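Here's a walk through a single chain, taken one neighbourhood at a time. Keep the viewer open and follow along.

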Amino acid sequence: MSEEKVAFVPELSIDGRLRVFRRYFVAEGEFDSLEVDAYIVKSERYLVICDTLLRPEDIAKVMEEVRGELGDRQLLVVNSHADWDHCWGNSYFRGSNAAPIIAHQHSVTRLRSQEAQEVLDYYQQRYPQFEHVELTEPTITFTDGLTIHGGNLNMRLMHAPGHHADHSAMWIPEMRLLLAFDAVEKPFPTIEDAEGAPAMIATLEQCLLLEPQRVLCSHGNSSSPDMIKKNRAYLHEIEKRCRDLLNMEQASDIKLEQVSEMIHYSFDEAIEPVMEDGEEVNRTYYPQMHEHNVRCIWQWVTGKVSAQG
């Protein structure tokens, strides 16, 4: 059984120029809960949809809410990256609803991959609500960055790898607002692989240099700029403990699945500086991601990018 819901999030929406919508997905046996946010940025020239959620029906609901604000503005779509929960609504923007879809060039590669098709096939076989999803590539791509000049707002898309090689963030200087998507997350972000470990740390440093007043992330219901520092501290703590372990032991004798236990950095210790008393955290997903992050950083610091446990 699953729960379907797309809802406006007023507490994160700002002065009419930004509206936040959240998709809830609950599937017994697989997802205790999944919440992912999409953003609508309204400038003088453009109405920009930032991420398209899980399926075209999700974005249809969002468009029902914001269509009256389109006026004579051009509609643009941005994909932060090609993960399924961020771009499977892309196919809404075809045919009579066609609009430019902007993303990093590597998103095209990801969406054309066999892996992307296999993930979609799996979900469509398991969950009927995904039957109308079609993998839909971006139509405009960039590599290092791209700026949407919106008149009163300039929306700077920045390559922000680490979570994935195609991941981007959006900086809106007039609002001192960073849409970090999956580069920042509460309680912590997920690294793609060993090569993504230093990239993620560099991305967080890049985000800090912007000195944002508000930071919105796709998962975690947080707008605090402090989350960047807390995410960075989490990754640095894993790195420090891995390097300490490396100095004490023969790296060749340590199996990958042993590292998390040997650095003595439990999931509960990792989230303690981030979560408020009584605040819930997804204990199906995030402990697995903590283990994954530890392994990626261990592979990075030992130079074993392709190491096997």
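Before we start, one cut-off: a residue is called buried when its relative accessible area is under 20%, exposed when that value is over 50%, and partly exposed in between. Bear in mind too that what you're looking at is a predicted model.

Let's begin with H163. You'll find H163 in the loop that connects β9 (154-159) to β10 (168-172). So is H163 buried or exposed? Its relative accessible area is 7%, and because the cut-off for buried is under 20%, H163 counts as buried. Its side chain reaches the backbone oxygen of T190, at 2.9 Å. Look around that spot and, setting aside neighbours within four places in sequence, you'll see H163 in contact with H81, D83, D182, T190, I191, E192 and M200. T190, then, turns up both as a contact and as the residue whose backbone oxygen the side chain reaches.

Now zoom out to the sheet that β9 and β10 belong to. Five strands make up an open sheet here, running in the order β8-β9-β10-β11-β12, and the pairing is mixed. At the edges sit β8 (145-149) and β12 (214-217), each of which pairs on one side only. On average, neighbouring strands of this sheet are turned by 20° against each other, ignoring direction. In general, the strands of a sheet pair through backbone hydrogen bonds, in either a parallel or an antiparallel way. For β9 and β10 the sense is antiparallel, over 4 bridges. If you want one rung of that ladder to look at, take H159, whose bridge partner in β10 is S168.

Step back along the chain and you come to G151, in the loop between β8 and β9. With a relative accessibility of 40%, G151 counts as partly exposed. Leaving out residues up to four places away in sequence, G151 touches E44 and R45. Its C-alpha atom is separated by 13 Å from that of V48, a residue 103 places away along the chain.

That takes us to β4 (residues 46-50). This strand is mostly covered, with 4 of its 5 residues buried. Which strand does β4 pair with in the parallel sense? The partner is β5 (residues 74-78), and the two are joined over 5 bridges. I49 is a handy place to look, since its bridge partner in β5 is V77. Add helix α1 (residues 56-66) and you have the whole motif: β4, α1 and β5 make a right-handed β-α-β unit.

Next, the charged pairs. How many salt bridges does a search of the whole structure find? The count is 18, and a few are worth a visit. R22 forms one with D37, and the closest N and O atoms are 2.6 Å apart. This pair links distant parts of the chain, with R22 in strand β2 (residues 18-27) and D37 in strand β3 (residues 31-42), 15 residues apart. Both ends are tucked away: R22 is buried at 5% relative accessibility, and D37 is buried at 1%.

Compare that with R17 and D15, whose closest N and O atoms are 2.8 Å apart in their salt bridge. Here R17 is partly exposed at 26%, while D15 is exposed at 52%.

A third salt bridge joins R241 to E269, with the closest N and O atoms 2.7 Å apart. It links distant parts of the chain as well: R241 is in helix α6 (residues 226-248) and E269 in helix α8 (residues 267-271), 28 residues apart. R241 is buried, at 17%, whereas E269 is partly exposed, at 35%. Elsewhere, salt bridges that share partners join R19, K42 and E69 into one network.

Last stop: H290, in helix α9 (residues 286-302). At 3% relative accessibility, H290 is buried. Its side chain makes a polar contact with the side chain of Y234, at 2.9 Å. Not counting residues up to four places away in sequence, H290 touches F188, Y234, I238, Y265, S266, F267 and A270.

Technical notes: Residues are numbered from 1 along each chain as its sequence is written. This is a predicted model: local features need pLDDT of at least 70, side-chain atom pairs count only at pLDDT 80 or more; totals for chains, interfaces and linings use all residues. Side-chain values use heavy atoms; hydrogens and water are left out. Buried means under 20% relative accessible area, exposed over 50%, partly exposed in between (1.4 Å probe, protein chains only). A polar contact is a pair of N or O atoms within 3.5 Å; within protein, one must be able to donate a hydrogen and the other to accept it, and residues adjacent in sequence count only if both atoms are side-chain atoms. Contact means heavy atoms within 4.5 Å. A salt bridge is a side-chain nitrogen of Lys or Arg within 4 Å of a carboxyl oxygen of Asp or Glu. Two strands pair if DSSP finds at least two bridges between them. A crossover is right-handed if, with the strands pointing away from the viewer, the path from the first strand over the helix to the second runs clockwise. Axes are lines fitted to C-alpha atoms, for helices over the stretch in contact, and angles run from 0 to 180 degrees between N-to-C directions.
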